[in-house]
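Student: Hi! I'm new to this one and would love a quick tour. Can we go through it together?
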Amino acid sequence: VSVGDIILGTHNRSVKRNGILVELTSVEFTLLEVLLRQAGQVISREELVEKALGRRLSAYDRSIDVHVSALRKKLGHQYENTERIKTIRGIGYLYAQPESAN
């Protein structure tokens, strides 16, 4: 799976940004895979929790937000002047398509 400068190798569970290996936890990898496969689409927090954490979202559960924050730090907040992982308030998250892909 490839979006912008990120290449996600599902066969060996590796992630590279600009050709450099990025170390991710298992949850971060799964979360990134879900986001990349649906890049350009808003994904609800509920769906992300179910797919990445394997459980249902409960009231006041902020764990997915912590994992997204860790991904942002490891991948960089922006790519080509676009916020990489956008928060869609009250709904979820969107992995932005690079401007060059539009």
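Student: Which residue in β3 is the bridge partner of Ile 6?
Tutor: That's Arg 17. Keep in mind as we go that this is a predicted model.

Student: Okay! How many bridges link the two strands there, β2 and β3?
Tutor: Four bridges, with β2 (residues 6-9) and β3 (residues 14-17) pairing in the antiparallel sense.

Student: What holds paired strands together, in general?
Tutor: Backbone hydrogen bonds do the pairing, and strands can run parallel or antiparallel.

Student: What order do the strands of that sheet come in?
Tutor: The order is β1-β2-β3-β4, an open sheet of four strands with antiparallel pairing. β1 (2-3) and β4 (20-21) are at the edges with a single partner strand each, so one side of each has no neighbour in the sheet.

Student: Which helix packs on that sheet?
Tutor: Helix α1 (residues 26-37) does, touching β1, β2 and β3. The direction of α1 makes about 115° with that of β2.

Student: Let's switch to the sheet with three strands. What's the order there?
Tutor: There you go β5-β9-β8, again an open sheet with antiparallel pairing. The edges are β5 (42-44) and β8; each has a single partner strand, so one side of each is left without a neighbour in the sheet. From one strand to the next, the twist averages 30°.

Student: How many residues sit between β8 and β9?
Tutor: Three residues, and the two strands form a hairpin. Gly 90 is in the turn and has a positive phi of about 80°. β8 and β9 pair over four bridges in the antiparallel sense.

Student: And which residues face each other across that hairpin?
Tutor: Lys 86 has Leu 94 in β9 as its bridge partner, while Ile 85 stands opposite Tyr 95 in β9.

Student: Which helices lie across these strands?
Tutor: α2 lies across β5 and β9, at about 70° to β5. Helix α3 (residues 63-75) lies across β8 and β9, running at about 150° to β8.

Student: I clicked on Leu 53. Where is that?
Tutor: Leu 53 is in helix α2. Leaving aside residues up to four places away in sequence, Leu 53 touches Val 27, Leu 48, Ser 63, Ile 64 and His 67.Student: Why does Leu 53 count as partly exposed?
Tutor: Because its relative accessibility is 22%, and partly exposed covers values between the buried limit of under 20% and the exposed limit of over 50%.

Student: New topic: pockets! What volume does the largest one have?
Tutor: The largest pocket has a volume of about 240 Å³. Of the 15 residues lining the pocket, the closest to its centre are Arg 45, Arg 62, Asp 65, Gly 90 and Ile 91. The elements giving two or more residues to that lining are α2 (45-53), β8 (85-88) and β9 (92-95).

Student: How does the pocket lining divide by residue type?
Tutor: The lining of the largest pocket has five nonpolar, four polar and six charged residues.

Student: And how many cavities of 30 Å³ or more are there?
Tutor: One. The largest cavity has a volume of about 50 Å³, and its lining includes Val 3, Asp 5, Arg 84 and Tyr 95.

Student: What's the mix of residue types around that cavity?
Tutor: Five nonpolar, three polar and three charged residues line the largest cavity.

Notes. Residues numbered from 1 in each chain as written. Predicted model: local features only at pLDDT ≥ 70, side-chain atom pairs only at ≥ 80, totals over all residues. Heavy atoms only, no water. 1 Å grid on protein atoms, 1.4 Å probe; cavity = no way out; pocket = protein on both sides within 12 Å on 5 of 7 lines; lining within 4 Å. Points joined across faces, edges and corners; volume = space filled by probe spheres on them. Nonpolar A, V, L, I, M, F, W, Y, C, P; charged D, E, K, R; others polar. Pairing = 2+ DSSP bridges. Axes fitted to C-alpha atoms, helices over the stretch in contact; angles between N-to-C directions. Contact = heavy atoms within 4.5 Å. Buried < 20%, exposed > 50% of the residue type's maximum accessible area, 1.4 Å probe, protein only.
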